[in-house]
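Here is a short tour of one protein chain. Keep the model open beside the text and find each part as it comes up.

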Amino acid sequence: PYEPPPAFDRRYYPADRNPFDPSGTPIPARKGSIPEAYWGKLTDVEFPKAQYRAEVSYVDATLAPLLERPRVASGLVAFTADHGEILEKRGSYFNHGELFPDTLHVPLILAGARLPESFHARRTALGARVLDVGRTLLDLSGLGGEDFPGNNLLAAVEAQAQVPLFSLSAHGLSASVEKDGWFLLFHLRDHQGTLAEPRHKGQMELFDLESDPECLHDLSQEQGERALALREELIAWLAAADPHGLSAQRTLATAEVAQLQALGYATEEAAVETNAWYEPD
């Protein structure tokens, strides 16, 4: 909501600045991508960025007493999230409605007494899946014999097993692959949502992450052969997947729908999904 509690409110924003200065030009964000209170009034995009950071500090301060409790400190802690956030990119503001590094590169922190000492203060850029997090937590907790999918992340770190990172967006709107410093975004369906510009089925966007980590300059035309090669790998990955595992063929209970609607994640129309999340062709 970009509304940190009073003790953190505007912690990172100058007190003498007015983010709703009527003499400024409101940022051209689409409805739904910024809080309703900002719509047509916000003239300084740095304000919600600062409020976002303040909310992160609030979460840090709230978690600290829990993580310091002996029972927790003597165990194992994993800290991660389901997605990142696009704060500002190519005219899109404050959403996670597309596959970009902003939404896909989510930190994962493992800590605690059960983590082998050789991994303390160690960093890696290897990709991970949530299933791998679950498998790793079971193994480190002495429950390695439990039936659970995924791979142990510590073994992957030791082997430095860097592999292409594939992703599929909710509702099968887009898919992406990151490989050898390049990032390809391939759109499977027409969509726009809160994006500044609509995306069309079959459209590709290619980015050089080394020179353009923010993915601001699409090189799909200049690097056509590379884009097509990455698209071929991405399509092969999609085609090899279990179509039932990429479907949402169930009806949500009324209470679940109400909860999702309250969080802004569902409408009655979206509560029931019967189609596959991607089109096999």
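In this predicted model, strands β6 and β7 run antiparallel and are joined by six bridges. Strand β7 covers residues 182-187. One bridge pair is easy to look up: V177 has L184 in β7 as its partner.

These two strands belong to an open sheet of four strands. The order is β5-β6-β7-β8, and the pairing is antiparallel. Which strands stand at the edges? They are β5 (165-168) and β8 (204-208). Each has a single partner strand, so one side of each is left without a neighbour in the sheet. On average, neighbouring strands of this sheet are turned by 10° against each other, with direction ignored.

A helix packs on this sheet: α6 touches β5, β6, β7 and β8. The direction of α6 makes about 65° with that of β7.

**Salt bridges**

Side chains of opposite charge can pair when their charged atoms come close. How many salt bridges does a search of the whole structure find? The search finds nine. Three of them are listed here, including one between the helix and the sheet just described.

| Side chains | N to O distance |
|---|---|
| E233 and K179 | 2.7 Å |
| R17 and D44 | 2.4 Å |
| E46 and K49 | 3.6 Å |

Start with E233 and K179, whose side chains meet in a salt bridge. E233 lies in helix α6 (residues 224-240) and K179 in strand β6 (residues 174-179), so the pair ties together parts that are 54 residues apart in sequence. Both ends are partly exposed: E233 has 29% relative accessibility, and K179 has 27%.

Next come R17 and D44, which also form a salt bridge. Both residues lie in the segment before α1 (46-67), so this pair ties together parts that are 27 residues apart in sequence. Are the two partners buried or exposed? R17 is partly exposed, at 37% relative accessible area. D44 is buried, at 14%. The cut-off explains the label: buried means under 20% relative accessible area, so D44 qualifies.

The pair E46 and K49 sits within one helix. Both residues lie in α1, three residues apart, which is about one turn of the helix. E46 is partly exposed at 38% relative accessibility, and K49 is partly exposed at 24%. This pair also has company: E46, K49 and E88 are linked in a network of salt bridges.

**A nonpolar patch**

Now turn to the surface. Which residues make the nonpolar patch of about 350 Å²? They are Y58, V59, F79 and I109. I109 has its place in strand β4, residues 109-111. At 49% relative accessibility, I109 counts as partly exposed. The label exposed needs over 50%, so I109 does not reach it.

**The whole chain**

Step back to the full protein chain. It has seven helices and 10 strands. Of its 281 residues, 32% are buried. The chain exposes about 17,400 Å², and carbon and sulfur atoms supply 54% of that area.

Sequence distance matters for one last figure. Take the contacts in the chain with a separation of 6 or more. Residues 24 or more positions apart account for 56% of these contacts.

How values were computed: Residues are numbered from 1 along each chain as its sequence is written. This is a predicted model: local features need pLDDT of at least 70, side-chain atom pairs count only at pLDDT 80 or more; totals for chains, interfaces and linings use all residues. Side-chain values use heavy atoms; hydrogens and water are left out. Patches are made of residues with over 30% relative accessible area and no salt bridge: like charges are joined within 9 Å, nonpolar side chains (Val, Leu, Ile, Met, Phe, Trp, Tyr) within 5 Å. Accessible areas come from the Shrake-Rupley method with a 1.4 Å probe; for residues, only the protein chains shown count as cover. A salt bridge is a side-chain nitrogen of Lys or Arg within 4 Å of a carboxyl oxygen of Asp or Glu. Buried means under 20% relative accessible area, exposed over 50%, partly exposed in between (1.4 Å probe, protein chains only). Contact means heavy atoms within 4.5 Å. Two strands pair if DSSP finds at least two bridges between them. Axes are lines fitted to C-alpha atoms, for helices over the stretch in contact, and angles run from 0 to 180 degrees between N-to-C directions.
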